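Me: I have a structure open and want to learn how to read it. Can we go through it feature by feature?

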Amino acid sequence: MSEKLNTQLPGQPATVSSAANATGGLDAGNFIDTAIDDELFRFNSDDTPLMQLMLKAKRVKVDSPEVDHYMIDEPVAELTTTEDLDGGTRTQAPLPLDARDQNVPRANTTLLLPDIDGYDAAGERATPGKPLMLFVTGHDTVTNNPVVRAVNGEKENPSDEDCYLPYIPKGTRVVILANSLYETQKEIDPDLVVPQATRIYLQKRGMNQVVSDYFDSQRKRIPFSKAVIAEQAIANFKVRGNRTLWAGRQGKFQVSVPKMGLQHIYTTEGIRWQFRREIQHTAPWTVEAIIGMAKMFFTGEDAPKTALLLAGKNLLEQLQTVDYSNHPEIQLTTRTNSVGWVVTSLHTVFGNIDIKREPTLDRIGWGNSGALIGEDRLVHYVYSAEHSFSDRVEGEEATRSGILIWDALALKGSCHIWIDGETGRNVTSDERILFWDSEDAPAGSEADTNGYYLLRNCPGISEDAMAGQIWRKTGGKWGKVQLG
């Protein structure tokens, strides 16, 4: 908590006179040890966890302050039909998919429909629990949807090779399997993996300090030498930079510089606004909600091996005070993680979550929130490597030194989850999830925009809506969706 003490002089050079002013007007030549606490000037990496993660993340050198960043680095495993497909009389038909998914299943790909029953080998009887499989023969020239035929569909005669396609309703899950080639085939279409690029701006940050020759020459037990002053300046530089890494907003504009003309200024996008998935949870946390969060994180398409939760102080308190007595399999232990932090490790059957307090979230006003991050899925883009400089100030008996860096932090992969315990408003994510602990279906306007992770069976949504699933209403109709 800041007490707003007059211990810093923003924008002022480090001279004996200015330092004396900061201590309440003590005489310039008579500083005493007890007047200043050396610990105030000590740099502490625990104040800037996100920046520490950035410095350990994969470093990518770029040749422009504008970067096309591809967030999704895992192939899509599951698609969903967008319209009904009438069956019974056709052996081949276009499978209706979203426009961005139409080219994902290439010719010769096999597709499994887990919710549609296939038929036995004779094509006479449906086989409950044994799903239908489709084979992609090509793409429709009009709709661009993949044209499919049934592998184990209904037949008129057991000896027929062609099967009839069954009725496939809108919202049916389609799991992508391996391709299947004919006997002499060796050439196939390449897999189409074209993720959507996001433009990332790299922000140039700098720190300067000016030290007068007279100040530098003083040796009268001055407890803050140049090194300590530099340490405090760097600490302040990193704390402010850490806030930018969390909450900065992306921008690009020009300013007029004397003798240099127009120059561009870039501001980078904080990772708070990069999350694709968001859990809105303002109620007290329960073991069931924590397990659901772990399940969403570890079992999506992009399944990381480790999880790090950077949490505000209130969220940290709530997780620590949950009653785990009825769940002995949930364990809280203390350990030192790969970054070198002492963290609280929460063990679940899906994976371990390392919990670390992030003071910056408290300062920004997000003390009830946190970020569940795959720490090995961060990218540190660098346009100009960090470097220091030291120049004599023209016309003055002083030296100017400083640090310059031009970089940005970006999330890689789709596993990351923002936990919003503050606003109740969806401000960023494509997929917003709320925990639902009722047998009645959600109602109201929010029910049309949110996904719901079910903590119990919910017949109000559907007879098939079971605990541990996510359901979302699309076009007025409830449907089950994949975890991530």
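Me: Is R100 buried or exposed?

Reply: The model is a predicted one, so every value here is computed from it. Exposed means over 50% relative accessible area. R100 has 72% relative accessibility, so R100 counts as exposed.

Me: Which residue forms a salt bridge with R100?

Reply: Start with the general idea. Side chains of opposite charge can pair when their charged atoms come close. Here D98 is the partner of R100, and their closest N and O atoms are 3.6 Å apart. D98 is partly exposed, at a relative accessible area of 33%.

Me: How many salt bridges are counted?

Reply: The count is 17 salt bridges. One of them joins E278 to R272, with the closest N and O atoms 3.8 Å apart. E278 is buried, with a relative accessible area of 1%. R272 is buried as well, at 4%. Set that beside the D98 and R100 pair: there, D98 is partly exposed and R100 is exposed.

Me: Which residues are linked in a network of salt bridges?

Reply: E66, D68, R199 and K252 are linked that way.

Me: What does E78 pair with in a salt bridge?

Reply: E78 pairs with R173, and their closest N and O atoms are 3.5 Å apart. E78 sits in strand β3, residues 78-80, and R173 in strand β8, residues 173-179, so the salt bridge ties together parts 95 residues apart in sequence. Check the accessibility too. E78 counts as buried at 15%, and R173 counts as buried at 19%.

Me: How do β3 and β8 pair?

Reply: Strands of a sheet pair through backbone hydrogen bonds, either parallel or antiparallel. β3 and β8 take the antiparallel sense, over 3 bridges. Look at T80: R173 in β8 stands opposite it. R173 therefore appears twice in this part of the model, opposite T80 and in the salt bridge with E78, which ties β3 to β8.

Me: What is the strand order in the open sheet of 6 strands?

Reply: Read it as β3-β8-β5-β6-β7-β4, with antiparallel pairing. Now look at the edges. β3 and β4 (92-94) each have a single partner strand, so one side of each has no neighbour in the sheet. Neighbouring strands are turned by 40° against each other on average, direction ignored.

Me: Where is T91?

Reply: T91 lies in the loop between β3 and β4. T91 is partly exposed, with a relative accessible area of 30%. A loop residue can still have contacts far along the chain, and T91 shows how to look for them. Leave aside neighbours within four places in sequence, and T91 is in contact with V148, R149, A150, D162, C163, Y164 and L165. Take D162: it is 71 residues from T91 along the chain, and their C-alpha atoms are separated by 6.4 Å.

Me: Which residues touch the most other members in the largest nonpolar core?

Reply: General idea first. In soluble globular proteins, nonpolar side chains tend to be buried together. This core has 29 residues, and W285, M293, M296, L309, I353, L372 and F435 touch the most other members. At least two residues each come from α5 (287-298), β14 (307-311), α6 (313-320), β17 (352-357), β21 (417-420) and β22 (431-436). Helix α5 gives the most, with 8 residues.

Me: What does L372 touch?

Reply: Not counting residues up to four places away in sequence, L372 touches F275, M293, F297, A307, L308, L309, I353, H416 and I417. Another core, of 23 residues, lies apart from the largest one, and L53, L245, L308 and L411 are among its members.

Me: Which residues of α2 are buried?

Reply: P49, L50, M51, Q52, L53 and M54 are buried. That makes 6 of the 8 residues in α2 (residues 49-56), so the helix is mostly covered. L53 also belongs to the core of 23 residues.

Me: Where is confidence lowest, and where highest?

Reply: Helix α1 (residues 16-22) is lowest, at a mean pLDDT of 42, and strand β18 (residues 370-373) is highest, at 95. The mean for the protein is 79, and 77% of its residues reach 70 or more. Two stretches stay under 50: residues 1-43, with 51 contacts beyond four places in sequence, and residues 218-224, with 16 such contacts.

How values were computed: Residues are numbered from 1 along each chain as its sequence is written. This is a predicted model: local features need pLDDT of at least 70, side-chain atom pairs count only at pLDDT 80 or more; totals for chains, interfaces and linings use all residues. Side-chain values use heavy atoms; hydrogens and water are left out. A nonpolar core is a set of buried Ala, Val, Leu, Ile, Met, Phe, Trp, Tyr and Cys residues joined through side-chain atoms within 4.5 Å. Buried means under 20% relative accessible area, exposed over 50%, partly exposed in between (1.4 Å probe, protein chains only). Helices (H or I, at least four residues) and strands (E, at least two) are DSSP runs, numbered from the N terminus. Contact means heavy atoms within 4.5 Å. A salt bridge is a side-chain nitrogen of Lys or Arg within 4 Å of a carboxyl oxygen of Asp or Glu. Two strands pair if DSSP finds at least two bridges between them. Axes are lines fitted to C-alpha atoms, for helices over the stretch in contact, and angles run from 0 to 180 degrees between N-to-C directions. pLDDT is the predictor's confidence in each residue, from 0 to 100.
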